[in-house]
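These are my notebook entries on a structure I went through. I set down what I looked up and what I found.

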Amino acid sequence: MLTQSLPLASIIDNLQAAGTSTGWNSGQFTAQTIAVIVLFLVLNQFAWKPVRTILEQRRNTIEESMANAEKIKKELADAETSRMAIIQKANEQATVIIGEAQKSAAILAERKAQEATVQAEDIIRKAREASILERNRLMADLKREVGALVVQTTEKVAGKVLTADDQTRLNSETLRQLGAGNN
């Protein structure tokens with residue numbers, strides 16, 4: 001047993017010798033240990049707890065921001081889907097409206113064409129009526145002038161002045177012959 005105690009005793013002696021040569025003192029060591037423990041407790045209470053609290057709040061804020069960012073991404077995707085649905089619906093409505101407008105335009109164009117045809121036919125009918133009236137008026141003027149020329153020619157050829165009865169009879173005869181020639 002002595003052999004076992006010797007090495008332990010020699011280790012303790014070596015430690016004491018090393019402590020004395022370096023200036024180690026157990027009282028100082030104890031005082032420094034107590035000072036470090038007190039410093040640790042003060043720093044823990046007044047520095048590290050507030051820092052940990054701030055870091056915890058910061059972590060919570062970051063987690064909330066990340067959750068909000070995910071929520072915003074989801075809402076943005078929903079809004080994009082809604083926007084696309086609204087655009088699709090608007091395009092469909094626009095197509096329907098354009099189709100209806102084209103149908104209305106075709107119907108209106110057809111009506112206007114019919115109205116124009118009716119107006120053109122009316123203008124042509126009135127022009128024909130006017131030309132018939134003008135022809136009849138010209139024929140009447142022509143008959144009067146021809147009758148007057150026949151009377152004048154007959155007076156010159158016959159060498160006598162014709163009476164009103166003679167003039168009427170010659171005009172009637174000439175008009176009858178002109179009417180027979182036209183038909």
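**Entry 1: L41 and the nonpolar patch**

I began with L41 and found this residue in helix α2, which spans residues 26–158. The model is a predicted one, and I read every entry below with that in mind.

I then asked whether L41 is buried or exposed. L41 is exposed, because its relative accessible area is 51% and the cut-off for exposed is over 50%.

Next I looked up which residues form a nonpolar surface patch with L41. The patch consists of I37, L39, F40, L41, L43 and W48, and its area is about 570 Å².

**Entry 2: Confidence and overall form**

I checked the confidence before going further. The protein chain has a mean pLDDT of 86, and 93% of its residues reach 70 or more. By element, I noted the lowest mean pLDDT, 74, for helix α1 (residues 2–22), and the highest, 91, for α2.

I counted the secondary structure as three helices and zero strands. Read from the N terminus, the order of the elements is α-α-α.

I then looked up the overall dimensions. The C-alpha atoms fill a box of roughly 200 × 30 × 25 Å along the principal axes. The radius of gyration of the protein chain is 67 Å, whereas a compact globule of 183 residues would have one near 16 Å.

I also recorded the surface. The accessible surface comes to about 15,800 Å², and carbon and sulfur atoms account for 63% of that area. Of the 183 residues, 4% are buried.

**Entry 3: Distances along the chain**

I compared separation in sequence with separation in space for three pairs of residues.

For the first pair I took K49, which lies in helix α2. K49 counts as partly exposed because its relative accessible area is 37%. Between K49 and R83 I noted 34 residues in sequence and 49 Å from C-alpha to C-alpha.

For the second pair I took I62, also placed in helix α2. I62 is partly exposed, at a relative accessible area of 45%. I62 and S21 stand 41 residues apart in sequence, and their C-alpha atoms are 55 Å apart.

For the third pair I took D166, in helix α3 (residues 164–182). How far apart are D166 and V151 in space? Their C-alpha atoms are 8.6 Å apart, with the two positions 15 residues apart in sequence numbering.

I also asked whether D166 is buried or exposed. D166 is buried, because its relative accessible area is 18% and buried means under 20%.

**Entry 4: Salt bridges**

How many salt bridges does the structure hold? I found 12, and I looked at three of them individually.

The first is between the side chains of R59 and E63, with an N to O distance of 2.4 Å. I asked why these two residues are separated by about one helical turn. The reason is that R59 and E63 are four residues apart in helix α2. R59 is partly exposed at 38% relative accessibility, and E63 is partly exposed at 43%.

The second is between the side chains of D122 and R125, at 2.2 Å from N to O. These residues are three apart in helix α2, so about one helical turn separates D122 from R125. D122 is partly exposed, with 26% relative accessibility. R125 is partly exposed as well, with a relative accessible area of 41%.

The third is between the side chains of R137 and E134, at 2.3 Å from N to O. R137 and E134 are three residues apart in helix α2, and therefore about one helical turn lies between them. At 41% relative accessibility R137 is partly exposed, and at 34% E134 is partly exposed.

I then asked which residues are joined into one network by salt bridges that share partners. The network consists of D122, R125, K126 and E129.

Terms used
Residues are numbered from 1 along each chain as its sequence is written. This is a predicted model: local features need pLDDT of at least 70, side-chain atom pairs count only at pLDDT 80 or more; totals for chains, interfaces and linings use all residues. Side-chain values use heavy atoms; hydrogens and water are left out. Patches are made of residues with over 30% relative accessible area and no salt bridge: like charges are joined within 9 Å, nonpolar side chains (Val, Leu, Ile, Met, Phe, Trp, Tyr) within 5 Å. Accessible areas come from the Shrake-Rupley method with a 1.4 Å probe; for residues, only the protein chains shown count as cover. A salt bridge is a side-chain nitrogen of Lys or Arg within 4 Å of a carboxyl oxygen of Asp or Glu. Buried means under 20% relative accessible area, exposed over 50%, partly exposed in between (1.4 Å probe, protein chains only). pLDDT is the predictor's confidence in each residue, from 0 to 100. The radius of gyration is taken over C-alpha atoms; the globule rule is 2.2 Å times the number of residues to the power 0.38.
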